Protein chains: 2
Amino acid sequence: MQFTSEERLDDGVLEREFTLGEIPGILWTPAPAPTSAPTSGPAPAPAPLILLGPPPLGLRRAYPRLLARARRSAADGFATATIELPGRGDRPRWPAAEQALADLRRAMEAGEPVGDEIIDALILPLVDKAVPEWQAALDALLSLPEIGGPVGYSGGVISIGTRLAVVEPRISAAVLFAGSFVPRAMFEEARQVTIPLHVLLQWDDEGNDRQAALDLFDAFGSKEKTLHANMGGHTGVPQFAGDAAARFFIRHLK
Amino acid sequence: MQFTSEERLDDGVLEREFTLGEIPGILWTPAPAPTSAPTSGPAPAPAPLILLGPPPLGLRRAYPRLLARARRSAADGFATATIELPGRGDRPRWPAAEQALADLRRAMEAGEPVGDEIIDALILPLVDKAVPEWQAALDALLSLPEIGGPVGYSGGVISIGTRLAVVEPRISAAVLFAGSFVPRAMFEEARQVTIPLHVLLQWDDEGNDRQAALDLFDAFGSKEKTLHANMGGHTGVPQFAGDAAARFFIRHLK
């Protein structure tokens, strides 16, 4: 993990871009507590970490929304980090993913239902590639002295969050955003999830398969799982819903 | 409205039983603010009111849970009140309701689906009788100097909450508990609801028609509506879900 830039934002949050091999990422850490003297006394306690799940749009286009979530989390005492998905941003495309994306667009433009084979081709290889990268990022992030556990996961591409919740024991709690396409195979994996979950669903998101989101919520094996459905369309998550997700992490990670 | 008993509870909440004609009810008002002198200075500001929706079990059996909600609301500065449903507690039964209840029990014991005609016979006359009583209670409660607006509604028998939200303009926001049987006719009324709603659904409540609850949530016409689904069975609403409902009222009534 190599830091490539460092900037102290106006609210004191430290934003650092990094690369992990070829993968670009961003790390935000909270401002030092105002009471701690800058040059003496014990080092501040390591901050618990929230992984900001991969933005399908790519880091650059999703940056304003990621930054808002990072600032909010920092105010609650959390470090946050994210990395670019395979095939997004400046990362190399691969032909099968491009084909699946083209098939998806064609089906949607034609007003046809998006078949299972398109969803599988679009999502399953992405999950298989991305999850080990997030685990490698977690190794690197947790080796920094300013970051500790426990670790939360918050974000999009619900299949990646689901797989991570199953295979990565360092993740203690997850906020998942319902709405992306979910391959049938993920429902089986969902049954193996046992960590506390907080699932956000935009009820009136027309591009969203609401029934699939409800079925996936039902499938999760977690004893504590909560679904918060709200109005406001795809990007209109209300402020109070963000507040509730923040409280979920405070309850489970602090 | 006649008060029939008055008790100051250990947390300072004033609990008063009353009758409104033949209907028994309970009113809880918050403890006076600690800074206000008892015999001088301006009277405390009237408390906003939350109606604690009618307990199908009857006031006496539901008392411990009602009291817990009243205490919690009082701590947030709200007065709360509830009245007995027609045909519950010591109130006179009526034959058609007894018949509908017997039909319901027979269907459930036989493991048969509960038909629309049973649900209609059970719920629709109850809504027709109860709603004007709640409006009369609201008249009486709002005439007390210690109670002001705005008014919220929180509670069970979701069809009564739905009808009240449509016909009673003094109710500004409602927390509804999904789970009771919903007559088909109520879906049409639900479309006319426009106040902010916060709907609680116990996802793993086996006695609950989950699909009907989701359909009813979908039908509500409110621009701000939120569904919180949680685990814990019929009576196991988690503490954090109660907290979220309390914050909804603080957001809308204060």
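1. Two residues count as in contact here if their C-beta atoms, placed from the backbone, lie within 7 Å. With that cut-off, the contact takes 12 residues from chain B and 12 residues from chain A. Bear in mind that this is a predicted model.

2. What does chain B bring to its side of the contact? Two elements of chain B give two or more residues to the side that touches chain A: the strand β9 (225-230) and the helix α7 (239-253). Of these, β9(B) gives the most, with 6 residues. Sorted by class, the side of chain B that touches chain A has 5 nonpolar, 3 polar and 4 charged residues.

3. Next, the strands. β9(A) and β9(B) pair in the antiparallel sense, and the pairing runs over 4 bridges. If you want a pair to click on, try A:Leu227, which stands opposite B:Ala229 in β9(B).

4. On symmetry: a turn of 180° with a shift of 0.0 Å along the axis lays chain B on chain A, and the RMSD is 0.0 Å. The two copies are therefore related as by a two-fold rotation axis. Which C-alpha of chain B is nearest the axis? That of B:His228, 2.4 Å from it. The same surface serves both copies, as 100% of the contact residues of chain B recur in chain A.

5. Now to A:Phe220, in the loop between α6 (210-219) and β9 (225-230) of chain A. Is this loop residue buried or exposed? A residue is called buried if 20 or more other C-beta atoms lie within 10 Å of its own; A:Phe220 has 25 within that distance, so A:Phe220 is buried.

6. Who are the neighbours? Setting aside those within four places in sequence, A:Phe220 is in contact with A:Ala190, A:Val193, A:Leu197 and A:Lys225. There is also A:Thr194 to look at: A:Thr194 and A:Phe220 are 26 residues apart along the chain, yet their C-alpha atoms are separated by 7.6 Å.

7. Finally, a quick geometry check on helix α2 (residues 95-109) of chain A. The expected span is 1.5 Å times one less than the number of residues, so the 15 residues of α2 should span 21 Å; the end C-alpha atoms are 21 Å apart, which agrees. After α2(A) comes A:Gly111, whose phi is positive, near 70°.

How values were computed: Residues numbered from 1 in each chain as written. Chains lettered and ligands numbered in written order. Predicted model: local features only at pLDDT ≥ 70, side-chain atom pairs only at ≥ 80, totals over all residues. Least-squares fit on C-alpha atoms with pLDDT ≥ 70 in both. Buried ≥ 20, exposed ≤ 12 C-beta atoms within 10 Å, placed from the backbone. Nonpolar A, V, L, I, M, F, W, Y, C, P; charged D, E, K, R; others polar. Pairing = 2+ DSSP bridges.
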